[in-house]
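Hi,

Here is the structure I promised to pass on. Have a look at it first, and then read on for what turned up.

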Amino acid sequence: MELDLQSCARLLNTINTRQSLPKGKQLHLVFLKRGILNSALTIANRLLQMYAKCGQMTDAKLLFDEMSQRNCFTWNTMIEGYMKWGNTNNSLDLFRSMPSKNEFSWNVVILGLVKAEELGVARRLLHEMPRKNEIVWNSLIHGYAKTGFPGVALCLFKEFIDWDFHEMCGTSRIDSFVLATALGACADTRAVDLGKQIHARTIVDEVEVDYVLASSLVNMYGKGGDLDSASYILNRMQNPDNFSLSALISAYSNCGRMDDARKIFNLITDPCIVLWNSMIAGYVASDKVSEALLLFEEMHREGVIADSSTLASVLNACASAHSLKNCLQMHAYGCKFGLLDDLIVASALVDTYAKCGRPDEAANVFNELKIHDTVLLNSMITIYFSCYRIEDARQLFESMPYKSLISWNSMLIGLSQNGCPVEALDLFCRMNRMDFKMDKFSFSSVISACASIASVELGEQIFARAVIIGIDCDKIISTSLIDLYCKCGFVTDARKLFNQMMRSDEVSWNSMLMGYATNGYGNEALNLFHEMRSAGVLPTNITFIGVLSACDHCGLLEEGKRWFYSMNYDYHIDPGIEHYSCMVDLYARAGCPEEAVNLIEKMPFEADSGMWLSILRGCVAHGNKILGELVAKRIIELDPENSGAFVQLSNIFATSEDWERSAFWEKCCEVLEILELSRCIDEEFLAVPITKGDKNEFQKFAGGLYTTTVEIGVVIMGMIKAWSYLV
């Protein structure tokens, strides 16, 4: 029986999956037995094509090597098969060894390389291609634009325009697809002028403006800031698609014109999730957090289910508003709809908890994640440091497979700010040994670590390293060096460096001013403050801490009062606990303890024992025994173990020659010191024996409360009892 070759060829065409491959191999065996393969090239090519379609490139290569006859179809089948199944190297090798290439061969290889994102090789082949066509041009331009190289895409587009003009002699073959791609690249690079030229080209060549091209024009003009042109094109569209509407809404949002964006949004009867997301993200970007949250509630009432983009934007709004309640609701929402597996959403949730003052919750969310990226890991290092979980931060850093410069800097800053300057210096040395490229933040952090241990020599060595790298003139590094000099007492050197700086922000001014204030140079600090104001630099809350501290050191009560009240009235800065503390000390030193007490009672913070102790010292210095006793009682109530109050009380009674009471408070102080010493010796000796004379002395005032041994709590209660007796 004769074998019908046409029927066999048709049968081979139907075999294109691995499940049907056994039938194809049976036919292959039949052809071998009949001796057909060497005489019928068509059948051999169909068989080769079958193996390539089914992904059996090893079998295809064996057949290809055995074929005595080959044509372009044979070679192209193998080249296309290798490209399809991801073996670009074998495909290229075959292509280079192909004796006679046709246009299809070039197209297959270049399009395959673009799909595999091997764009450099594809571009070289395009230039080698003897007869180029618009298919390969379009594919390569789109490939570069899609993979984040819009600038290269535009360069290729210009080459394509020149080729099209010379090749076609004025009859253009540019279609809307490549024009839309080029416009998208213009939008990404904000190249509005080039986008306008492409727009003009569409008009001159009478290219049909379909929805894709129109949307690309709206997007290009919108991102380029030409909102009038974007709006004009959108209005000419009969039924604008969601991409065009979203592009214009985003454009208005980026320019802060949220009212215009909302007008467009309100015209849409049934907005899709993309449009809701554009509006919510726009409100967040424009710092209109309340509107973003209200719009999300409206979206929820409309029955629109949020996606990961929505949730990420709403979480960013919660973070900006520091709204823990909304953050908890979004967390529950994300769990309900399974959105927390998205890395962007998870990162936003971690960041929101941290900014809402819940770093432990942020850490819990992080621990539940299965995947992480470097950005999230860097954020978690900072979060761990913010809640003093130094060991967790260190372990996370060491476990990171890839450590970016931000990772190293996060560790340096965290260690420096959490009282681990030696560890920060060790980490810096490790970076140096690895020849890791460091930036201004690296050097600034490690110089701050040197300031913490008052090592000016080491700080200067690190600064010398910054000089070698060429970033020594950076303001952040110079400001850190000023802080180092001031903390080490080299105020003159700090001022010399300060004078050499190009001072444009308040940070360097504040560093120098605080340096003067903390080193007792009150007049110099105040003079610098006047220079700062004359230079047009606005003071901050840190500035006023330095100013008030300087007034305190110089005893300038009236000037201190003036600047304290000027903070709020003239600069709209609410005084913090540090500002009140400076003023309390200033009043006490100036002999006005009553005013200091009045200020404490009016301030919106709870006063600690340190502030009351400042007033007590003022009472001692100016002999105010009555107020001193009342203040001392307040200190004992706040901090019963504070021996400073007893010392000051003893001094007050001594100055008025009340020796009995003076001796009693001195004895209280001695007992506290004995008890503190006993804690350091051993846990078994928390009970401290006292002498018979001590016992009698205390029994006199405490009504027999004490026994042969006295525990710390009993001693304190006895002191308060004694206070009542004395008063």
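A word before the repeats: UniProt positions are quoted here in the numbering used for this chain, feature names are shortened, and an annotation may be inferred rather than shown by experiment. Also keep in mind that this is a predicted model.

With that said, the UniProt record, an unreviewed entry, carries the annotation "repeat: PPR" over residues 71–105, 133–167, 272–306, 342–376, 404–438, 474–504 and 505–539. I looked at two of these spans. Residues 404–438 are 74% helix and 0% strand, with 11 Å between the end C-alpha atoms. For residues 505–539 the figures are 74% helix and 0% strand, and there the end C-alpha atoms sit 10 Å apart.

Now the chain as a whole. It has 42 helices and 2 strands. Of its 727 residues, 47% are buried. If you take the contacts between residues at least 6 apart in sequence, 57% of them join residues at least 24 apart.

One helix pair I went through in detail is H7 (residues 103–115) with H9 (residues 134–146). Their axes come within 9 Å and cross at roughly 10°. Angles under 35 degrees count as roughly parallel, so H7 runs roughly parallel to H9. On the H7 side, the contact uses Asn107, Ile110, Leu111 and Val114; facing them from H9 are Ile135, Val136, Ser139, Leu140 and Gly143. Sorted by type, the residues of this contact are 6 nonpolar and 3 polar, with no charged ones.

Further along there is Ser176, in helix H11 (residues 176–189). Is Ser176 buried or exposed? Its relative accessibility is 17%, and the cut-off for buried is under 20%, so Ser176 counts as buried. Leaving aside residues up to four places away in sequence, Ser176 touches Val207, Glu208, Asp210 and Leu213.

Last, since you will probably wonder about the cysteines: how many disulfides are there? The count is 0, taking a disulfide as a pair of cysteine sulfur atoms within 2.5 Å. Cys318 is a case in point, as the nearest cysteine sulfur belongs to Cys327 and is 6.1 Å away, which leaves Cys318 in no disulfide. Cys318 is also buried, because its relative accessible area is 0%.

Cheers

How values were computed:
Residues are numbered from 1 along each chain as its sequence is written. This is a predicted model: local features need pLDDT of at least 70, side-chain atom pairs count only at pLDDT 80 or more; totals for chains, interfaces and linings use all residues. Side-chain values use heavy atoms; hydrogens and water are left out. Axes are lines fitted to C-alpha atoms, for helices over the stretch in contact, and angles run from 0 to 180 degrees between N-to-C directions. Helices (H or I, at least four residues) and strands (E, at least two) are DSSP runs, numbered from the N terminus. Angles under 35 degrees count as roughly parallel, over 145 as roughly antiparallel, 65 to 115 as roughly perpendicular and the rest as oblique. Contact means heavy atoms within 4.5 Å. Ala, Val, Leu, Ile, Met, Phe, Trp, Tyr, Cys and Pro count as nonpolar, Asp, Glu, Lys and Arg as charged, and the others, Gly among them, as polar. Buried means under 20% relative accessible area, exposed over 50%, partly exposed in between (1.4 Å probe, protein chains only).
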